[in-house]
Every structure is written in C-alpha cells, then in structure tokens.
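Let's take a walk through this one, beginning with a helix and working towards the cores. Have the viewer open as you read.

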Amino acid sequence: METQHETDARPPAIIFRPPSYIERLDVGALFPKSHPLEVELGAGDGSFITQWSALNRQTNLLAVERLLGRLRKIERKSHRAGLTNLRALRLEASYFAEFLLPADSVAAFHIYFPDPWPKRKHRQNRLINERFAEVLRAALTPGGIVYVRTDDADYFAQMTSVFTANRSFEECATPSALANVLT
C-alpha cells in the first residue's frame, strides 16, 4: 500500500532563489551533475531553453527571466520533459550577468529577441551595448560564445557593431543543431 507521501511526490523545483543578491553564485551547486553551463538571458516562456536542454543533457542550462509567470511555464515544461539539467532564476538579466555570475563560468550565452526599444530616444535602454558585451566577456569561459537573434534590423546592426568593436569577440557561424531550435 502506498503512503500519501509517495503518491504526492513532486519533481524538484527548478526555480530557485539565490542565497544572496550581492554575492556571486556557486553555479556548480545548482545542478546535480557538473557540466558546462549555458545561460539564456530573457528566457520568455521557455520554448528555446527547454528544447535545448532536452537536446543537450550533458550541459547545464540556466534560464534567467524577470517575470514569474514565464518561469512557472518553464518549470512545467521542464517537469513534463523530465529535465534535470535546467534551472531558472527570476532576475533582471543585466544585473544577473554583472553581479551574480562568477568570472569564467559560462560556456555560452543565448540572447534571443531582446526588446529592441525601436524609438531613437529609448535606444539607451537596449540590453546589448558596449558595457554589457564586456560584462558577458568576463563571465565567459575561454572560447565561450554569445548567441544572439533579433528580427529588428537596426538592433541587429547595433549588436554586430558592439561585438565587432570588442576585440575579445569574433564572429562565428551558428551550429545547425542550434539554428534548428525555435525560439
């Protein structure tokens, strides 16, 4: 006979709250296995990160999103797929990257369709800028990659300009396995 506790067993929560919002994370402690870390900044409803996590079980993935409802969607998708290599954090992407990520800790960043702030007077609000590129560089492991996608031509030109101007980055082709994952 099953006890009530056995029938109510739930998968572990993937949404976590960091022990501190001013000290660097111990990213290795977030996952059951030690694997390279990839981070999606602005994970939305998790369409990309849950697919990518399922395809890359030897990679730990962290979804960063500021809206709790979206994180709950990611958690539901993660549980349905049985993903153990995915965690989620509710926080502003730029703050997380600059103040919580340890140096040399991330193998790849995924930034897909960030808000383009299309009005000229609002462009200073865009996530991708010279300072942010340097923040990402500091968090990347040697040989680390930043993948970006946008459907805004002006923002794409800015992103390209920003990363080209930083000598730590060089353009590379998106692997076909990654290009085939919808965002």
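Start with helix H6, residues 153-165 (helices are DSSP runs of H or I with at least four residues, strands are E runs of at least two, and both are numbered from the N terminus). With 13 residues at 1.5 Å a residue, H6 should span 18 Å, and its end C-alpha atoms are indeed 18 Å apart. The expected span here is 1.5 Å times one less than the number of residues.

Before going further, a word on what you're looking at. This is a predicted model, in which local features need pLDDT of at least 70 and side-chain atom pairs count only at pLDDT 80 or more, while totals for chains, interfaces and linings use all residues. Residues are numbered from 1 along each chain as its sequence is written, and side-chain values use heavy atoms, with hydrogens and water left out. The chain averages a pLDDT (the predictor's confidence in each residue, from 0 to 100) of 91, and 94% of the residues score at least 70. Residues 1-7 fall below 50, and beyond near neighbours in sequence this stretch has two contacts in the model (a contact being heavy atoms within 4.5 Å). Where pLDDT is low, the predicted coordinates should not be read in detail.

Back to H6. Which of its residues are buried? Tyr155, Met159, Val162 and Phe163 are, where buried means under 20% relative accessible area, exposed over 50% and partly exposed in between, using a 1.4 Å probe and protein chains only. Seen down the axis of H6, these buried residues fall within an arc of 90°, so they line one face of the helix. That arc is taken from the directions from the helix axis to the C-beta atoms. Ala153, Thr164 and Ala165 sit on the other side of H6 and are exposed. Helix H5 (130-139) and strand E6 (140-149) are among the elements covering the buried residues. At the start of H6, a side-chain oxygen of Asp152 comes to within 3.2 Å of the backbone nitrogen of Asp154.

H6 also feeds into the largest nonpolar core. Such a core is a set of buried Ala, Val, Leu, Ile, Met, Phe, Trp, Tyr and Cys residues joined through side-chain atoms within 4.5 Å. This one has 34 residues, and Val39, Leu41, Phe96, Phe109 and Leu136 touch the most other members. Strands E2 (37-41), E3 (60-65), E5 (106-112) and E6, along with helices H4 (93-100), H5 and H6, each supply at least two residues. H5 gives the most, with five. A second, separate core of 17 residues includes Ile14, Trp52, Leu86 and Ala108.

Look at Leu41 for a sense of the packing. Beyond its neighbours within four places in sequence, Leu41 is in contact with Val64, Ala93, Phe96, Phe109, His110, Ile111, Phe132 and Leu136. Ala97 in helix H4 is buried at 3% relative accessibility. Leaving out residues up to four places away, Ala97 touches Arg24, Phe132, Val135 and Leu136.

What about polar residues on the inside? Glu65, in strand E3, counts as buried at 5% relative accessibility. Asn85 lies in the loop between H3 and strand E4 (86-90), and is buried too, with a relative accessible area of 3%. Their polar contacts are listed below (pairs of N or O atoms within 3.5 Å; within protein, one must be able to donate a hydrogen and the other to accept it, and residues adjacent in sequence count only if both atoms are side-chain atoms).

| Residue | Partner | Distance |
|---|---|---|
| Glu65 side chain | Leu67 backbone nitrogen | 3.3 Å |
| Glu65 side chain | Arg70 side chain | 3.5 Å |
| Asn85 side chain | Ser53 side chain | 2.6 Å |

Not counting residues up to four places away in sequence, Asn85 also touches Phe31, Asn56 and Arg57, among others. On the same basis, the residues that Glu65 touches include Gly42, Ala43, Gly44 and Leu89.

Finally, check the backbone in the loop between E5 and H5, where Phe113 is found. Phe113 has a phi near 55°, positive in a residue other than glycine. Trp117, placed in the loop between E5 and H5, has a positive phi of about 40° although it is not a glycine. Most residues other than glycine have a negative phi. Phe113 is partly exposed at 40% relative accessibility, and Trp117 is partly exposed at 30%.
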